[in-house]
Protein chains: 2
Amino acid sequence: MNSLSDLVNIAKTKPSKRLVVAAAEDLTVLKAIQNAVNAGIISPILIGNRQKIIDICKTIGFETANFEIIDEPDPAAAPYKAVGLINAGKADILMKGIISTATLVRSVIAKDNGLRKSQTLSHFALFESKFYHKIFGVSDAALNIAPTFDEKVNIIVNAVELMHKLGNSNPKVALLAPVETISEKIESTIHAALLTMMNKRNQIKGCILDGPLSLDNAISSEAAKHKGIVSDVAGDADIIIVPDLDCGNALYKSLLFLGGAKSAAIVLGAKVPIVLTSRADTEDNKLLSIALAASLE
Amino acid sequence: MNSLSDLVNIAKTKPSKRLVVAAAEDLTVLKAIQNAVNAGIISPILIGNRQKIIDICKTIGFETANFEIIDEPDPAAAPYKAVGLINAGKADILMKGIISTATLVRSVIAKDNGLRKSQTLSHFALFESKFYHKIFGVSDAALNIAPTFDEKVNIIVNAVELMHKLGNSNPKVALLAPVETISEKIESTIHAALLTMMNKRNQIKGCILDGPLSLDNAISSEAAKHKGIVSDVAGDADIIIVPDLDCGNALYKSLLFLGGAKSAAIVLGAKVPIVLTSRADTEDNKLLSIALAASLE
């Protein structure tokens, strides 16, 4: 994959996906669904206030006759209905409508009839930047505030599994820190060093881990050479694992708002991919996120 | 100031500065000095291994006859000599040569004959990005690992003082966090909220603080509007204060390596500005950092 727009074509080669939206009565959400339907990558099931959904669809010329709308006027109940459909084998992708992320996540991690697969749900974003020679992923920039060491293992496993599904059988994973040396005072460097050794001892498989690496060393061979870093990952990372949410969110926003990058993002670790677009996302970004979710099987 | 290259012109309007380099026997350092001398913004005093300095200067055609070289073959002793010169009123800017940042900082914070002014030394970087409508600063991306609340106050004061010296009498300061709401689980949001209130109560003066703000809200009015944020700072920040080094370093490197930004960076909080260029900096970046230091009086 050279461009994120390839995701739309990849999704088309996969079996058609049924995407269920929890609390779909929202203009920007329905526009994203309309674009994804027009691109031919999903068939939607809309849960929410039926009348509002129909009214909004009319304003954007989105023909509702051909797909299912399930009336559920209570937005808090919508995600539980959506999760129920997925567990009944009637939908393949979950998408957040006009409810908070926390509300959606609660329905996903519910003990009874939830969707949990991994112990850790994690946000994963693919980026296309004109300043880097390939598509790369960043995780976790949105869900885990201060992941413990074990949670970081899960975040890595989630990300590596996704790259496998996209055809990269041995992704290079950079563990981000502010320096490339191990310092007792900087927890990110300690976690990174331990995770790298776990990979060397086969406790984390299917990828090449290296860290601590600062961002320049992760993505620039020249910067890594300046520092004398010998690494299979440095300068060529497929995935960047950030130390925490402060760092991940700033990096994510910097790439989008101060780097001109494109992105596609989903939540991993549940039985199905979860799409969480936000109001501030561009139309393109929303379509690519749905395409990413639809490309994974 | 619309462009960082203006710094060279600003420096020329100020009284000529004497820049002392601690352990100057390094090719990239001497090239940076040569460029700054050619630009007419400093006169250098080079401390270090005299013969090595002269030999390197010859290889780059840098005429040493017109400036002082102080022989000090021990790189660990060089910064103490440099600090001594500054305290004796014989130099105006300190620059790191081929010694570690830690070695330089030790000489600056030494109780006897040091250069400490603020309780906190902090790194400050100015950026020029084609994705933002003005020059903006980021602090601290290099020195303070996990600043305490009090240290953050000092980091802000250092940054605001610098902006005052550059002619911005009331800079807008965004306190970065991953979200714009206050959450007990996210320390950066708590610090940001408290610092904002300190500004409102006149405990931090000479600036308009606002936070927590995520990066998109700090620099994009549109993103802030999407979130319903009413703020004098949102979308128009002059300074971005990061929560910690993990975040600051990733943002700094992202701007340079994945955003095509230009930067100029110095260390603040000592009696004189300190220039710490690194091998990975571009020639341009090094010159601009020296120009920034030379623009502050």
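Colleague: Why is B:D284 called partly exposed?

Modeller: This is a predicted model, and in it B:D284 has a relative accessible area of 33%. Buried needs under 20% and exposed needs over 50%, so B:D284 falls in between and counts as partly exposed.

Colleague: And what makes B:K262 partly exposed?

Modeller: The relative accessibility of B:K262 is 33%. That value also lies between the two cut-offs, so partly exposed is the term for B:K262.

Colleague: Why is the pair B:K262 and B:D284 called a salt bridge?

Modeller: The N to O distance between the two side chains is 3.6 Å. The cut-off is 4 Å between a side-chain nitrogen of Lys or Arg and a carboxyl oxygen of Asp or Glu, so the pair qualifies. B:K262 belongs to strand β10 (residues 262–268) and B:D284 to helix α11 (residues 283–294), both of chain B, so the bridge ties together parts 22 residues apart in sequence.

Colleague: What makes B:K253 and A:D216 a salt bridge, and where does the pair lie?

Modeller: Their side chains meet at 3.2 Å, N to O, which is within 4 Å and therefore meets the rule. The pair runs between chains, from helix α10 of chain B, which holds B:K253, to helix α8 (residues 215–219) of chain A, which holds A:D216.

Colleague: Why are those two residues, B:K253 and A:D216, called buried?

Modeller: B:K253 has 11% relative accessibility and A:D216 has 5%. Buried means under 20%, so the term applies to B:K253 and to A:D216.

Colleague: What joins A:K253 to B:D216?

Modeller: A salt bridge, with the closest N and O atoms 3.2 Å apart. This pair too crosses between chains, from helix α10 (residues 245–257) of chain A to helix α8 of chain B. A:K253 is buried at 11% relative accessibility, and B:D216 is buried with a relative accessible area of 5%.

Colleague: How many salt bridges are there between chain B and chain A, and how many over all chains?

Modeller: The count between chain B and chain A is 2. Over all chains the search finds 18. Within chain A, salt bridges also link A:K134, A:K172, A:D236 and A:D238 in a network.

Colleague: How do you know how the two copies are related?

Modeller: A turn of 180° with a shift of 0.0 Å along the axis lays chain B on chain A, and the RMSD is 0.0 Å. The copies are thus related as by a two-fold rotation axis. The same surface serves both, as 100% of the contact residues of chain B recur in chain A.

Colleague: How much area do chain B and chain A bury between them, and which residues of chain B supply the most?

Modeller: About 3,000 Å², with 71% of it on carbon and sulfur atoms. B:D246, B:F257 and B:L258 supply 23% of the area that chain B buries against chain A, more than any other three residues. Each chain brings 36 residues to the contact.

Colleague: What else describes the contact, in polar pairs, helices and residue classes?

Modeller: There are 7 residue pairs in polar contact across the interface. On chain B, α8 (215–219), α9 (221–226) and α10 (245–257) each supply at least two residues to the side that touches chain A. α10(B) gives the most, with 10 residues. By class, that side of chain B has 20 nonpolar, 9 polar and 7 charged residues.

Terms used:
Residues numbered from 1 in each chain as written. Chains lettered and ligands numbered in written order. Predicted model: local features only at pLDDT ≥ 70, side-chain atom pairs only at ≥ 80, totals over all residues. Heavy atoms only, no water. Least-squares fit on C-alpha atoms with pLDDT ≥ 70 in both. Contact = heavy atoms within 4.5 Å. Buried area = accessible area lost by both parts, 1.4 Å probe. Polar contact = N/O pair within 3.5 Å; in protein donor to acceptor, adjacent residues only side chain to side chain. Helix = DSSP H or I, 4+ residues; strand = E, 2+ residues; numbered from the N terminus. Nonpolar A, V, L, I, M, F, W, Y, C, P; charged D, E, K, R; others polar. Buried < 20%, exposed > 50% of the residue type's maximum accessible area, 1.4 Å probe, protein only.
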